[in-house]
Amino acid sequence: MTTAHRQLAVILDRLGRLLHYRQFAAGLNPAQWEALRFIARANRFSRNPGALAEYLGTTKGTASQTLIALEDKGLIARHRGTKDRRQVLLQLTDSGYAALARDPVFEIAAAAERIKGIDLAALTSGLSALFLELRRPSEHPTFGT
């Protein structure tokens with residue numbers, strides 16, 4: 001392992017910790033922000049508590065607590081399926097979409113815009129490849145929109 005690879009690991013760790021800290025914003029925690037992002041991007045077949053738990057890599061009970069908090073804050077709504085009343089479908093409310101417009105994760109995008117000469121396509125491609133390498137597809141389900 002080269003010094004450059006170690007430096008990359010340290011920088012990514014620090015960036016992750018910084019972003020995690022900043023996501024304790026607007027009365028939400030990082031898991032709640034991630035749930036809002038998931039619900040906003042997921043297709044209609046994936047907008048349910050089980051798929052959210054799978055995506056977050058957590059238990060259904062933990063995901064349920066996150067959803068209860070978001071529902072109590074008026075950021076999401078749950079609906080029963082029309083064909084199968086046991087099915088729970090999730091959707092963002094207008095307040096949920098408004099919260100996502102102020103998502104702290106966008107601080108990264110704003111910071112990247114301020115850096116002159118950054119090769120955004122190469123950076124995004126490289127970080128995506130690193131993420132996929134670490135994710136180990138056999139251990140974590142894929143996510144489709």
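**A pocket and the surroundings of helix 2**

In this predicted model, the second largest pocket is lined by Arg44, Phe45, Arg47, His79, Gly81, Thr82, Lys83, Asp84, Gln87, Leu89, Leu90 and Gln91. The space within this pocket amounts to about 240 Å³, and strand 2 supplies the largest share of its lining, with 3 residues.

Strand 2, which spans residues 88-92, is also among the elements against which the buried residues of helix 2 pack, together with helix 1 (3-22), helix 3, helix 4 (60-72), strand 1 (76-80) and helix 5 (94-101). The buried residues in question are Pro30, Gln32, Trp33, Ala35, Leu36, Arg37, Phe38 and Ile39. Helix 2 itself consists of 12 residues and extends 17 Å from its first C-alpha to its last, a span close to the 16 Å expected at 1.5 Å a residue. At the start of this helix, the backbone nitrogen of Ala31 is approached to within 3.0 Å by a side-chain oxygen of Asn29.

A search of the whole structure for aromatic pairs returned 1 such pair. The pair is formed by Phe38 and Tyr55, whose rings are 5.0 Å apart from centre to centre and adopt a tilted arrangement, with 35° between their planes. Because Phe38 belongs to helix 2 (residues 30-41) and Tyr55 to helix 3 (residues 49-56), the pair ties together parts that are 17 residues apart in sequence. Phe38 is buried, its relative accessible area being 1%, whereas Tyr55, at 29% relative accessibility, counts as partly exposed.

Methods. Residues are numbered from 1 along each chain as its sequence is written. This is a predicted model: local features need pLDDT of at least 70, side-chain atom pairs count only at pLDDT 80 or more; totals for chains, interfaces and linings use all residues. Side-chain values use heavy atoms; hydrogens and water are left out. Rings of Phe, Tyr and Trp (its six-membered ring) pair if their centres lie within 6.5 Å; planes under 30 degrees apart count as stacked, over 60 as edge-to-face and the rest as tilted. Helices (H or I, at least four residues) and strands (E, at least two) are DSSP runs, numbered from the N terminus. Buried means under 20% relative accessible area, exposed over 50%, partly exposed in between (1.4 Å probe, protein chains only). The expected span of a helix is 1.5 Å times one less than its number of residues. Contact means heavy atoms within 4.5 Å. A polar contact is a pair of N or O atoms within 3.5 Å; within protein, one must be able to donate a hydrogen and the other to accept it, and residues adjacent in sequence count only if both atoms are side-chain atoms. On a 1 Å grid over the protein atoms alone, a cavity is a set of points where a 1.4 Å probe fits but cannot get out, and a pocket is an open set with protein on both sides within 12 Å along at least five of seven lines; lining residues have an atom within 4 Å of a point. Grid points are joined across faces, edges and corners, and a volume is the space filled by probe spheres set on the points.
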